[in-house]
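Hi,

Here's the structure I promised to pass on. Have a look at it first, and my notes are underneath.

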Amino acid sequence: MITKNEQLRIPSTLMEIDHILGIFSAKGGVGKSVISVNLAKSLVSKGFKVGLVDGDIYGPSHPVLLNATDMHLKVTNQELLDPLEKDGLKFNSMGFISAEKMPVIWRGPMVSGAVMQLMAQTNWGKLDYLIVDTPPGTGDVQLTLLQKIALSAAIVVTTPQDIAVADTMKGIEMLKKLNLPILGLIENMSYFEPKDSKKRYYLYGKGGAKTLSKEYQLDLLGEVPQFEFEESNLTNQNMEISKILDLIASKVVKKLDSMSSKNKSLIPQVNK
Ligand SMILES: Nc1ncnc2c1ncn2[C@@H]1O[C@H](COP(=O)(O)OP(=O)(O)O)[C@@H](O)[C@H]1O
Ligand SMILES: [Mg+2]
């Protein structure tokens, strides 16, 4: 008899993962990767078992953001990869596969195929959360991925500018069409607050995500300020960003818990 999971074509590597959360944005450079990495770290600090996939195949940023540029994935001839692990977080990214070894796992020419491999052909083991930093761009790549990937829910990252908001609307419409539950919005680079000052500067305008959250009745999970740090420090020494992401992570945990178990076991976008 065909089990429900087989029917939904959930790869066996993903069966022991409670929630797969896709981090989306309709534009590049809004901080999707910074948010994904920090959210994953916050969930680890709360005691959860967490995995992180870098969906950016051509310009992977996780090795730098995780301060792990010296780590490499062991690519064997076996079907499955073992994820890398640091400070309790499991992760993988094309950036950890050296150029010579790339062809071994690169069997699909499509970005979505490569992301699927990073996600599904990895020995994650039992996880509470798998965070998927989705590939940049909208349109075909994202759509193909969305239709193949067993996501439980999405988070949408945007910045305050009008132009970002307009693009984000298109992204939200796409997620809605696919019936993927959206946990909420995160506004990144919302404002800049110089050290030792309480004055906030709204460099990119103000309130873009609030407008979106009203328009689509989505929770604004958090507003992350602009920091003046080097990339690798964004994750390691920035207490402020981790405080904000901790609050966002708590909301995410609560929201995913309250999704009914029925909802969790269904993949809305392939189940329509
Ligand atoms: N809150 C922030 N403060 C300062 N710099 C940021 C912030 N968020 C992202 N950045 C920087 O902006 C650039 C784009 O971020 P990234 O996460 O790579 O975006 P995306 O994944 O959406 O393309 C990177 O150089 C990153 O370090
Ligand atoms: Mg990125």
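Below is what I found, starting with the sheet and ending at the ligand.

Bear in mind that this is a predicted model. There is an open sheet of 8 strands with mixed pairing, in the order β3-β4-β2-β5-β1-β6-β7-β8. The edge positions go to β3 (84–86) and β8 (220–226); each has a single partner strand, so one side of each is left without a neighbour in the sheet. On average, neighbouring strands are turned by 25° against each other, ignoring direction.

If you want one pairing to click through, try β2 (residues 50–54) and β4 (residues 89–92): they run parallel and are joined by 4 bridges. V53 has N92 in β4 as its bridge partner.

Now the helices. α7 (residues 162–177) lies across β1 (17–24), β6 (153–158) and β7 (182–192), and runs at about 170° to β6. Another one, α10 (residues 239–258), packs on the sheet too, where it touches β1, β6, β7 and β8. The direction of α10 makes about 165° with that of β8.

On to the part you'll probably open first: what sits around ligand 1? The shell has 17 residues, and the closest are G31, K32, S33, V34 and F227. Elements giving two or more residues to that shell are α2 (32–45), β7, β8 and α9 (231–236), with α2 supplying the largest share, 3 residues. By character, the shell splits into 7 nonpolar, 8 polar and 2 charged residues.

Shout if anything is unclear.

Cheers

Conventions:
Residues numbered from 1 in each chain as written. Chains lettered and ligands numbered in written order. Predicted model: local features only at pLDDT ≥ 70, side-chain atom pairs only at ≥ 80, totals over all residues. Pairing = 2+ DSSP bridges. Axes fitted to C-alpha atoms, helices over the stretch in contact; angles between N-to-C directions. Contact = placed C-beta atoms within 7 Å. Near = placed C-beta within 6 Å. Nonpolar A, V, L, I, M, F, W, Y, C, P; charged D, E, K, R; others polar.
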